[in-house]
Amino acid sequence: MSEQMRIMRSKELPEELRDRIVARHRSGQGYKKISAALKVPKSTVASIILKWKTYGMTRTLPRAGRPAKLSYRGRRALVREVKKNPKITVAELKRCSQEMGESCRKSTITAALHQSGLYGRVARRKHLLSARHVKARMEFAKKQRNKILWSDETKMERFGLNSKRYVWRKPGTAHHLSNTVPTVKHGGGSIMLWGCFSAAGTGRLVAIEEKMNAAKYRDILDENLLQSAQDLRLGRRFTFQQDNDPKHTAKITKEWLHNNSVTVLEWPSQSPDLNPIEHLWRDLKMAVHQRLPSNQTELERIFKEEWQRIPKFRCERLVASLPKRLMAVLDQKGASIKY
């Protein structure tokens, strides 16, 4: 196809050329012959003749609004580029548009992509997984999930919950008391917690007052782990989950676990996103934030109250969702391991 025909696809034909197309049609020439003689795509020839037959004219009809800067063909080309490379920038898309002979602003390109259901969003960060990590996660998922006691530590702050809060307000009222979230310098007091749960519900929740080290962690397990398993009726053959933090893999911790016949789930590296207790921590922080504790003592008391209020079905669903989330990770890796 000639360069002239490629350009004509995205530009309106002169009225004189459209009249010549109609004249040749009236003299008995076919679409293919007219297209070859005037170097106009056959589809354009057919469109102009249909318009002449319908309206008795070839000139452009009045439009409802301002003509679009991007043609239909140009929009489709931009959408193809974005689907091919989701990380492409608007500046790069603008260059692509100029190469197609359709120069337009960045805002025009953005609006065209919005019309096609494509929006710019911050890319989620995901841990890099090797084939070994994927295989380890598959083995991990085959364990008896309902017999696993999940555990983790987290830091909770009295003020400054790490999330954005949106409010409906009028212009100029951003600093009104009802439109702000209370914060204080250095967080206003925080507390470190250790907790555990299973599909049967929540176990013990412990406030850690001293600096957390291997000895302190062993003491927490000694006072709370077996009692939590007993309260949740997991039996003696439960499996304990902990991550690969140095305190958890220290010699004194391993000795305590061995002496108490606790089976430890081998936790694959690069796997914090799979621990379902992370969702409970989020639930807990949001619940405590709503109650606005005024001091450290009240903060600890409210945490323990809200922890006990977490319903059993919430725990069941989190544990049950583990295979689905695991398969999502494997699908993104393109792994073909039999589950």
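Which strands does helix H11 (residues 277-291) lie across? Helix H11 lies across S1, S2 and S3, and the close-ups below walk you through these strands and their neighbours in what is a predicted model.

**View 1. Helix H11 rests across three strands of the sheet.** Look for H11 at residues 277-291 and for strand S1 at residues 148-157. The helix runs at about 40 degrees to S1 while also lying across S2 and S3.

**View 2. Helix H12 lies across S1, S2 and S3.** H12 spans residues 296-309. Its direction makes an angle of about 165 degrees with S3.

**View 3. Five strands line up as an open sheet.** Reading across the sheet, the order is S3-S2-S1-S4-S5, and the pairing is mixed. At the edges sit S3 (201-208) and S5 (263-264), each of which pairs on one side only.

**View 4. Strand S1 has S2 as one partner and S4 as another.** S1 and S2 run antiparallel and are joined by 8 bridges. To find your way along this pair, start from Lys155, whose bridge partner in S2 is Met192. With S4 (residues 239-240), S1 runs parallel, and 2 bridges link them. Here Ile148 can be found opposite Thr239 of S4. Is S1 mostly covered or mostly open? S1 is mostly covered, as 8 of its 10 residues are buried.

**View 5. Strands S2 and S3 pair in the antiparallel sense.** S2 takes up residues 190-198, and 6 bridges hold the pairing with S3. A handy landmark is Ser198, which has Gly201 of S3 as its bridge partner.

**View 6. Helices H2 and H3 pack against each other.** Two packed helices are described by the angle between their axes and the distance between the axes. For H2 (residues 15-26) and H3 (residues 31-38), the angle is about 140 degrees and the axes are 10 Å apart. H2 and H3 are therefore oblique to each other, and the crossing of H2 past H3 is right-handed.

**View 7. A closer look at the residues where H2 meets H3.** From H2 come Leu17, Arg20, Ile21, Arg24 and His25. H3 answers with Tyr31, Ile34, Ala37 and Leu38. Sorted by class, this contact includes 6 nonpolar residues, 1 polar residue and 2 charged residues.

Note on methods: Residues are numbered from 1 along each chain as its sequence is written. This is a predicted model: local features need pLDDT of at least 70, side-chain atom pairs count only at pLDDT 80 or more; totals for chains, interfaces and linings use all residues. Side-chain values use heavy atoms; hydrogens and water are left out. Axes are lines fitted to C-alpha atoms, for helices over the stretch in contact, and angles run from 0 to 180 degrees between N-to-C directions. Helices (H or I, at least four residues) and strands (E, at least two) are DSSP runs, numbered from the N terminus. Angles under 35 degrees count as roughly parallel, over 145 as roughly antiparallel, 65 to 115 as roughly perpendicular and the rest as oblique. A crossing is left-handed if the near helix is turned anticlockwise from the far one by less than a right angle, and right-handed if clockwise. Contact means heavy atoms within 4.5 Å. Ala, Val, Leu, Ile, Met, Phe, Trp, Tyr, Cys and Pro count as nonpolar, Asp, Glu, Lys and Arg as charged, and the others, Gly among them, as polar. Two strands pair if DSSP finds at least two bridges between them. Buried means under 20% relative accessible area, exposed over 50%, partly exposed in between (1.4 Å probe, protein chains only).
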